[in-house]
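Open the structure in your viewer and keep the selection panel handy. We will go from one stop to the next, picking residues and looking at what surrounds them.

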Amino acid sequence: RTKAASGNGFSFFVSNMDARAREERRLDATLREALESNRFELLYQRQVDIKTGAIVGCEALLRMREADGTLVAPSEFLARAERNGMIMPINEWVIREACRQGARWREMGLPEFSVGVNLSPVQFQRQSVPLLVARILSETGLPAHLLDLELTESIVLHDRKQVALQLQQLRDLGVKISIDDFGTGCSSLSYVKHFPVDRLKIDQSFVHDLLENPSDAAIVRATINLGHSLGFEVIAEGVETEEVLRHLELEHCDKAQGYYFGKPQSAEKLQLAIQAQMPTKLVSLG
Ligand code: C2E
Ligand code: MG
Ligand code: MG
Ligand code: MG
């Protein structure tokens, strides 16, 4: 190795860091601009009652529309938004937009179904989530029991007492609480012991290969039994095939969500799917 080569290696390292910092600043600007010009969008993925096959809920999933029209997935920008604090206004927009949409659906006379919203643990550190949610519910008129807040286990890494208090206040409002990606964190059992929740969402990584992988099958069975013993409802994420659905039905899982039923779609498309399952079309398409 010559001196020149190692010198190049070092400047490569430095310019790599520069490149990363530049990339982050660019993303910060893109996020700010998307917020200002209203270029965040929500897609909705249906959730189905396994026994009846009816759509009983949906989950709002965030997308960012770039200036050139491309739709950007949350994995591309959420971690950065959590680091630079923009997750606060972004996720406030998500809660408000999802509640507005839920209220609109209700006004149209559709059969009741819940709207799920993903929250970031950062929100619980920096603001009173119950105050925010109470304000948005009264602003939009969505009944509290139709709002389902999804939290991941990573929330237990933060001040436990403070989080538990906020979750209790949310439940006092009548809002439902789901644990998202259940089983992937390192404190699943501790979570269900300490926090007031309504639902467990079995992570899709356990659901995918359920039929081929006996460990996954055992974990799914145990999670369903655990959830039911504690009085929670259990929903499986990432259901992609009829066979997996049948297996979950035999295990008495309550609900399912996944590409088998439908991908995340626009509010209008979900609405059409729900209207299609109504016995009589009493609903105006307005
Ligand atoms: P999540 O809450 O666990 O959402 C489920 C993810 O799995 C979604 O990805 C969904 O499109 C995808 N998915 C659903 N069914 C299937 C399936 O059958 N097969 C496969 N392979 N994937 C499926 P998406 O929309 O990219 O969201 C990724 C994550 O980003 C979400 O995971 C959630 O943690 C986060 N996220 C999404 N929207 C928001 C938001 O508004 N706020 C916050 N804080 N996080 C959000
Ligand atoms: Mg979720
Ligand atoms: Mg999940
Ligand atoms: Mg996830």
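## Stop 1: ligand 1 and its contacts

Select ligand 1 together with L62: a polar backbone atom of L62 sits 3.1 Å from a nitrogen atom of the ligand. Before going further, please keep in mind that you are looking at a predicted model.

Now add E240, where a polar side-chain atom is 2.5 Å from a nitrogen atom of ligand 1. Then bring in N118, which places a polar side-chain atom 2.9 Å from an oxygen atom of ligand 1. How much of ligand 1 does the protein bury? Taken alone, ligand 1 exposes 810 Å², and the protein buries 82% of that.

## Stop 2: the shell around ligand 1

Switch on a surface if you like: the space that ligand 1 takes is the largest pocket. Colour by secondary structure next, and look for β2 (55-65), α3 (87-107) and β6 (176-182), the elements that give two or more residues to the shell around ligand 1. Strand β2 has the largest share of that shell, with four residues.

Select the 24 residues around ligand 1; R63, N118, D180, E240 and Y259 come nearest. Colouring the shell by residue type will show you nine nonpolar, eight polar and seven charged residues.

## Stop 3: the magnesium ion (ligand 2)

Centre on ligand 2, a magnesium ion, and show the side chains of E59, N118, E150 and D180. These residues coordinate the ion through E59 (OE), N118 (OD1), E150 (OE) and D180 (OD), at 2.0 to 2.2 Å. Along the chain, the donors of ligand 2 follow the spacing E-x58-N-x31-E-x29-D. E59 is in strand β2 and E150 in strand β5 (residues 147-152), so this pair ties together parts that are 91 residues apart in sequence. N118 is worth a second look here, as a donor to ligand 2 that also has the polar side-chain atom 2.9 Å from an oxygen atom of ligand 1.

## Stop 4: the magnesium ion (ligand 3)

Which residue coordinates both magnesium ions? Select D180: it coordinates ligand 2 and ligand 3, which are 4.2 Å apart.

Around ligand 3, show D180 (OD), D181 (OD), E237 (OE) and E237 (OE), the protein donors lying 2.0 to 2.5 Å from the ion. The donor residues are spaced D-D-x55-E in sequence. Finally, trace the chain: D180 lies in strand β6 and E237 in the loop between β8 (233-236) and α10 (242-250), so the pair ties together parts that are 57 residues apart in sequence.

How values were computed: Residues numbered from 1 in each chain as written. Chains lettered and ligands numbered in written order. Predicted model: local features only at pLDDT ≥ 70, side-chain atom pairs only at ≥ 80, totals over all residues. Heavy atoms only, no water. Near = heavy atom within 4 Å. Polar contact = N/O pair within 3.5 Å; in protein donor to acceptor, adjacent residues only side chain to side chain. Areas by Shrake-Rupley, 256 points an atom, 1.4 Å probe, with all protein chains shown as cover. 1 Å grid on protein atoms, 1.4 Å probe; cavity = no way out; pocket = protein on both sides within 12 Å on 5 of 7 lines; lining within 4 Å. Sits in = over half its atoms within 2 Å of the grid points. Nonpolar A, V, L, I, M, F, W, Y, C, P; charged D, E, K, R; others polar. Donors = N, O, S within 2.8 Å, 3.2 Å for Na, K, Ca; no water.
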